[in-house]
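Here are a few notes to read with the model open beside you. Please follow them in order.

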Amino acid sequence: MSEKLKLNYRLFPFDKIKKDSQVVLYGDKEILKDFDDQLVSTNYVKIIAKVERNRIDPTKSRKVYVNTDTFVVVGNVSYQDVQKIRKELEYLNLDKSHIIFSDYQIDKTPDIVKLDGFSWNEYYEQAESFAKEQFYLHINPYIKEENINLDHVLDFGCGRGRMSEILGGIASRVVCSDTNEEAIEYCKQRFSPFVTNCQFEFILNTQIDKPKGNIQLLDGEIDFILSWDTLVHFDYKWMDRYMKEFYRVLKPGGYAAIHYSNLGGLKSYRASSLWIINQAGRSNVTGVDAKFIAENHGFKVLKQKAVHGTMKDMDGVMLVRKG
């Protein structure tokens, strides 16, 4: 019982808010009490309001008026509720970076790569229209400049195969890999009538929750890895884990083009350790982190550049080579 109580105690996110800031506390009754106990004893911030969620309808009750320097601290919620809460707090007209979510509980692991109940279908549909532009702007120049061998290619985090289809027109073999079973089944249907000399293979990465997180490929089997719009959601630990796997499955002299998050490197944004509540679902990794991780596993970083998303320099792309 004591262990359960300890796990349910909510810690105020002192690391995300400067001392003496004005804050509004927003959450369930028990969470508000936990926050209040900590803040009264530390005198760390000035509390201007406490709003008990599900007991107060912001559209009907007395509204809280804040200035642009105010932070709203939201107590632990499930990740499904994040966007709903953002909607509830729209009337405050605060920058999104001033709505701080304390660490919340998820049934399994909060490690970003696989969240039960989260649907990517809407995103896949939107992303399809940008695929060719992104590939020929950011990836194809690397392939041409380095004369990369495309005999055996891995599309890691393939989704519904928007990048795999482009690769299928220039590669001899494309391995589509994802943790999403629906996405892999979609790829199987998408590429079954594909008229090309390319051989398509499919890997449902069921090892994602295992300690090693292995990709089901042999050592030195792949010439080129493309990971687009996947590692942008991976935190430092998971990015490190999969860069190690990329090095393992690549042939000596093989290449990888990696699209990663640089949200943690932006001075204008306070990135959370939980990707789902960040801008565009990005992790708090930086370009410096990405380069360090790659080099730490033996890669040579040949090229690295910033990529603009919904924020300037929010992402980055790097080309690395094994050996």
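1. In this predicted model, a polar atom of the Arg-190 side chain lies 2.9 Å from the backbone oxygen of Arg-160. That same side chain also makes a polar contact with the side chain of Glu-165, at 2.8 Å.

2. Where does Arg-190 sit? Arg-190 belongs to helix H7, which covers residues 181-191. Is Arg-190 buried or exposed? With a relative accessible area of 19%, Arg-190 counts as buried, because the cut-off for buried is under 20%. Leaving aside residues up to four places away in sequence, Arg-190 touches Glu-128, Arg-160, Gly-161, Arg-162 and Glu-165.

3. Now have a look at the sheet. The open sheet is formed by 7 strands with mixed pairing, and their order is S7-S6-S5-S8-S9-S11-S10. Strand S7 (199-204) and S10 are the edge strands, each pairing on one side only. From one strand to the next, the twist averages 15°.

4. Within that sheet, strand S8 (residues 222-227) and S9 run parallel and are joined by 5 bridges. If you want a spot to zoom in on, Ile-222 stands opposite Leu-250 in S9.

5. Two helices are worth viewing against these strands. H8 lies across strand S5 (153-156), S8, S9, S10 and S11, and runs at about 155° to S9. H9 packs on the sheet as well, touching S9, S10 and S11; the direction of H9 makes about 165° with that of S10.

6. Which residues of helix H9 (residues 287-296) are buried? They are Gly-287, Ala-290, Ile-293 and Ala-294. These four cover an arc of only 130° around the axis, so they fall on the same side of H9. Val-288 and Asn-296, on the other side of H9, are exposed.

7. What do the buried residues of H9 pack against? Their partners are helix H8 (236-249) together with three strands: S9 (250-261), S10 (299-307) and S11 (315-322). The contacts of H9 with S9, S10 and S11 thus appear in both views, from the sheet and from the buried residues of the helix.

8. Finally, please check both ends of H9. At the N-terminal end, Thr-286 acts as the cap, with a side-chain oxygen 3.3 Å from the backbone nitrogen of Val-288. Just after H9, Gly-298 takes a positive phi of about 100°.

Technical notes
Residues numbered from 1 in each chain as written. Predicted model: local features only at pLDDT ≥ 70, side-chain atom pairs only at ≥ 80, totals over all residues. Heavy atoms only, no water. Buried < 20%, exposed > 50% of the residue type's maximum accessible area, 1.4 Å probe, protein only. Arc of directions from axis to C-beta. Contact = heavy atoms within 4.5 Å. Polar contact = N/O pair within 3.5 Å; in protein donor to acceptor, adjacent residues only side chain to side chain. Pairing = 2+ DSSP bridges. Axes fitted to C-alpha atoms, helices over the stretch in contact; angles between N-to-C directions.
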